[in-house]
Amino acid sequence: MLPADLIAALDTVAATPRLLVTSDFDGTLSPIVNNPADARALPAGSAALLALADLPHTFVALVSGRALEVLRELSGMPASVHLVGSHGAEFDTGFTQTVDGALLAQIVDSLTEIASRYPGVNVETKPASVALHVRNASADDGAAALAAARAAGTQWTAEATEGKAVLEFAVITTNKGSAIDVLRERDDATAVVFLGDDVTDEKAFARLRDGDVGVKVGPGPSAAQYRIDSPEDVAEALAYLAGRRAR
């Protein structure tokens, strides 16, 4: 059962003339998994997003930390759902900034060396960033690997972002909030719904305006006005919104 205040907010936003519905992927549409390559959106959540995308004057987008091509593969979304990768910096038209390939390679080498010291720690390389994942490491090894990565990061002109059991270094400026602004303007949206679960989603919540709806998934402090517990709740909220919007 969705919280009563969220239901009321969805009832209101469903009537806006031009609605933009945006969501994170991992931990929001998809449950968190030990192997990032195994992440998949819950079928009910995917179906609800597609139902929204099929409605008049309704626009849908995923805004994820994943590389765009990986997000496209894992989400399985058609062209009716816009995809934005690399924490908001990678659109279908390409990156919003120039990628420093030499710096990216340096970060890859350094984080790979750090990961080799700690069992369960692994490195994910993206077109404009590198992520050190510690979800499958012991608590001590994970903490040590993150500390080593933070120390190494002081040598790089890179943007560091910490999430759930991950530390990511980007060689371009990344901001999900800016991505929301771009999508809002492109679609001339009169209201925005954004759902997210991680620290990286807070910049998007902070950019929402009066009449928008921000939904935090799971525990932790947040600038979002509303909160639900799980990707199953996300699917329920999206389905409810699709139903109300259709009526």
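In this predicted model, helix α2 passes helix α8 in a left-handed crossing. Helix α2 covers residues 43-53 and helix α8 covers residues 231-246; their axes come within 8 Å and cross at roughly 25°. Angles under 35 degrees count as roughly parallel, and α2 and α8 are therefore roughly parallel to each other.

Which residues make this meeting? On the α2 side you can find Ala44, Gly45, Ala48, Leu49, Ala51 and Leu52, and they meet Ala235, Leu238, Ala239, Leu241 and Ala242 in α8. Sorted by class, the contact of α2 with α8 has ten nonpolar residues, one polar residue and no charged residue.

Let us pick out one of these residues, Ala51, which sits in helix α2. With 34% relative accessibility, Ala51 counts as partly exposed. Try locating Ala51 and Leu241 together: 190 residues separate them in sequence, yet their C-alpha atoms are 9.8 Å apart in space.

**A second pair of helices**

Now turn to helix α4 (residues 101-116) and helix α5 (residues 139-153), which pack at an angle of about 155° with their axes 10 Å apart. Angles over 145 degrees count as roughly antiparallel, and α4 and α5 are therefore roughly antiparallel to each other. The crossing of these two helices is right-handed. Helix α4 brings Ser110, Leu111 and Ile114 to the contact, while helix α5 brings Ala145, Ala148, Ala149 and Ala152. By class, the contact of α4 with α5 is made of six nonpolar residues, one polar residue and no charged residues.

**Salt bridges**

Charged side chains have their own story here. How many salt bridges does the model hold? The count comes to 14. Here are three of them, with the gap given between the closest N and O atoms.

| Pair | N to O distance |
|---|---|
| Arg244 and Asp11 | 2.9 Å |
| Arg72 and Glu69 | 2.6 Å |
| Lys126 and Glu168 | 3.1 Å |

Start with Arg244 and Asp11, joined by a salt bridge. Arg244 lies in helix α8 and Asp11 in helix α1 (residues 4-13), so this pair ties together parts that are 233 residues apart in sequence. Both partners have some access to the outside of the protein chain by the numbers: Arg244 is partly exposed at 32% relative accessibility, and Asp11 is partly exposed at 25%.

The bridge between Arg72 and Glu69 has another setting. Both residues lie in helix α3 (residues 68-75), three residues apart, which is about one turn of the helix. Arg72 counts as partly exposed at 31% relative accessibility, whereas Glu69 is exposed, with a relative accessible area of 54%.

What about Lys126 and Glu168, whose side chains also meet in a salt bridge? Lys126 lies in the loop between β6 (122-125) and β7 (129-133), and Glu168 lies in strand β9 (residues 166-170), so the pair ties together parts that are 42 residues apart in sequence. Are these two residues buried or exposed? Lys126 is buried, with a relative accessible area of 7%, and Glu168 is buried, with a relative accessible area of 7%.

Salt bridges can also link up: Asp24, Lys176 and Asp201 are connected in a network of them.

**Two residues in strands**

Glu168 comes up again when you look at Thr161, a residue of strand β8 (residues 159-163). Leaving out residues up to four places away in sequence, Thr161 touches Val166, Leu167, Glu168, Thr174 and Thr200. Thr161 is buried, with a relative accessible area of 18%; the cut-off for buried is under 20%.

Next, find Val60 in strand β2 (residues 58-63). Val60 is buried, with a relative accessible area of 0%. Which residues does Val60 touch, not counting those up to four places away in sequence? They are Val21, Leu49, Leu52, Ala53, Ser80, Val81 and His82. Two of these names may sound familiar, as Leu49 and Leu52 are also among the α2 residues that meet α8. For a sense of distance, compare Val60 with His87: they are 27 residues apart along the chain, and 17 Å separates their C-alpha atoms.

Terms used
Residues are numbered from 1 along each chain as its sequence is written. This is a predicted model: local features need pLDDT of at least 70, side-chain atom pairs count only at pLDDT 80 or more; totals for chains, interfaces and linings use all residues. Side-chain values use heavy atoms; hydrogens and water are left out. Axes are lines fitted to C-alpha atoms, for helices over the stretch in contact, and angles run from 0 to 180 degrees between N-to-C directions. Helices (H or I, at least four residues) and strands (E, at least two) are DSSP runs, numbered from the N terminus. Angles under 35 degrees count as roughly parallel, over 145 as roughly antiparallel, 65 to 115 as roughly perpendicular and the rest as oblique. A crossing is left-handed if the near helix is turned anticlockwise from the far one by less than a right angle, and right-handed if clockwise. Contact means heavy atoms within 4.5 Å. Ala, Val, Leu, Ile, Met, Phe, Trp, Tyr, Cys and Pro count as nonpolar, Asp, Glu, Lys and Arg as charged, and the others, Gly among them, as polar. A salt bridge is a side-chain nitrogen of Lys or Arg within 4 Å of a carboxyl oxygen of Asp or Glu. Buried means under 20% relative accessible area, exposed over 50%, partly exposed in between (1.4 Å probe, protein chains only).
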